[in-house]
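Student: I would like a close look at a single part of this model, worked through slowly and in connected prose. Please start from one strand and go outwards from there.

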Amino acid sequence: MSIEARLSTLNITLPDAPAPAANYVPFVRTDNLLFVSGQISAGPEGLIRGRLGDDLDVAAGAAAARACGLSLLAQARAALGSLDQVARVVKLTGFVNSTPDFTDQPEVINGCSDLMVEVFGDKGRHARAAVSAAALPRGVAVEVEAVFEIAAG
């Protein structure tokens with residue numbers, strides 16, 4: 001089954017690939033790797049803002065991380081023309097806007113990790129970092145960047 005068909009089966013609609021907000025490119029392809037710049041948490045109603053451990057709980061943070069994942073997939077599709085070109089998800093790095101005493105960053109970033117496995121199956125399993133940040137751009141709750149391996153051919 002193609003990834004586009006899988007997205008449809010899962011009832012997942014990808015957003016348009018967001019334009020960069022500053023002086024950088026949304027992705028860089030080198031050899032068989034695609035590096036996708038950090039995608040900030042945003043949904044249909046706009047930016048998903050807040051701080052974990054203050055005004056957001058883990059479930060809201062995981063939903064924000066999933067939204068980042070949808071944008072990562074949209075960027076990958078824009079870069080490659082089709083998500084079927086993804087051989088595997090190599091690595092995710094997740095940043096969580098959180099209070100100093102909040103320690104559930106891994107559970108928050110699972111929102112993005114779970115999406116990758118949902119969409120790509122075993123090819124979606126990846127290395128990962130989930131770290132706290134004192135603040136994130138525009139006051140968003142989560143930012144995630146990704147590295148994808150591109151299929152040969």
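Tutor: A strand here is a DSSP run of type E with at least two residues, and strands are numbered from the N terminus. With that in hand, we can look at strand β2, which covers residues 33-40, keeping in mind that the model is a predicted one.

Phe35 is one of the residues of strand β2. Its relative accessible area is 36%, and because the partly exposed class runs between 20% and 50%, Phe35 is counted as partly exposed. On the surface, Phe35 joins Val25 and Val28 in a nonpolar patch, and the accessible area of these three residues together is about 240 Å². Along the chain Phe35 and Glu145 are 110 residues apart, yet their C-alpha atoms are separated by 7.9 Å.

Strand β2 also takes part in the lining of the largest pocket, whose volume is about 590 Å³. Of the 24 residues that line this pocket, those closest to its centre are Pro18, Gln39, Ile40, Ala42 and Ser71. The elements that contribute two or more residues to the lining are β2, β3 (42-43) and α2 (58-80). In chemical character, the lining of the largest pocket divides into 15 nonpolar residues, six polar ones and three charged ones.

Since helix α2 is among the elements that line the pocket, the salt bridges that involve this helix deserve a look as well. The count of salt bridges in the model comes to three. In one of them, the side chains of Glu4 and Arg77 meet with an N to O distance of 3.1 Å. This pair links distant parts of the chain, for Glu4 belongs to helix α1 (residues 3-9) and Arg77 to helix α2, 73 residues apart. Glu4 is partly exposed, at 32% relative accessibility, and Arg77 is likewise partly exposed, with a relative accessible area of 27%.

Another salt bridge joins Glu118 to Arg66, with their closest N and O atoms 2.9 Å apart. Glu118 lies in helix α3 (residues 105-120) and Arg66 in helix α2, so this pair ties together parts that are 52 residues apart in sequence. Glu118 has 28% relative accessibility and counts as partly exposed, and Arg66, at 27%, counts as partly exposed too.

The salt bridge between Asp122 and Arg125 has its closest N and O atoms 3.2 Å apart. At 61% relative accessibility Asp122 counts as exposed, because the cut-off for that class is over 50%, whereas Arg125, at 48%, counts as partly exposed.

One more residue helps to place what lies ahead of helix α2 in the chain. Asp54 sits in the loop between β4 (46-47) and α2, and at 60% relative accessibility Asp54 counts as exposed. The C-alpha atoms of Asp54 and Ser41 are separated by 17 Å, with their positions 13 residues apart along the chain.

To draw the picture together, strand β2 holds Phe35, a member of the surface patch with Val25 and Val28, and strand β2 also gives two or more residues to the lining of the largest pocket, as do β3 and α2. Helix α2, for its part, is linked to helix α1 through Arg77 and Glu4, and it is tied to helix α3 through Arg66 and Glu118.

Conventions. Residues numbered from 1 in each chain as written. Predicted model: local features only at pLDDT ≥ 70, side-chain atom pairs only at ≥ 80, totals over all residues. Heavy atoms only, no water. Patch = residues over 30% accessible without salt bridge, like charges linked within 9 Å, V, L, I, M, F, W, Y side chains within 5 Å. Areas by Shrake-Rupley, 256 points an atom, 1.4 Å probe, with all protein chains shown as cover. Salt bridge = Lys/Arg side-chain N within 4 Å of Asp/Glu carboxyl O. Helix = DSSP H or I, 4+ residues; strand = E, 2+ residues; numbered from the N terminus. Buried < 20%, exposed > 50% of the residue type's maximum accessible area, 1.4 Å probe, protein only. 1 Å grid on protein atoms, 1.4 Å probe; cavity = no way out; pocket = protein on both sides within 12 Å on 5 of 7 lines; lining within 4 Å. Points joined across faces, edges and corners; volume = space filled by probe spheres on them. Nonpolar A, V, L, I, M, F, W, Y, C, P; charged D, E, K, R; others polar.
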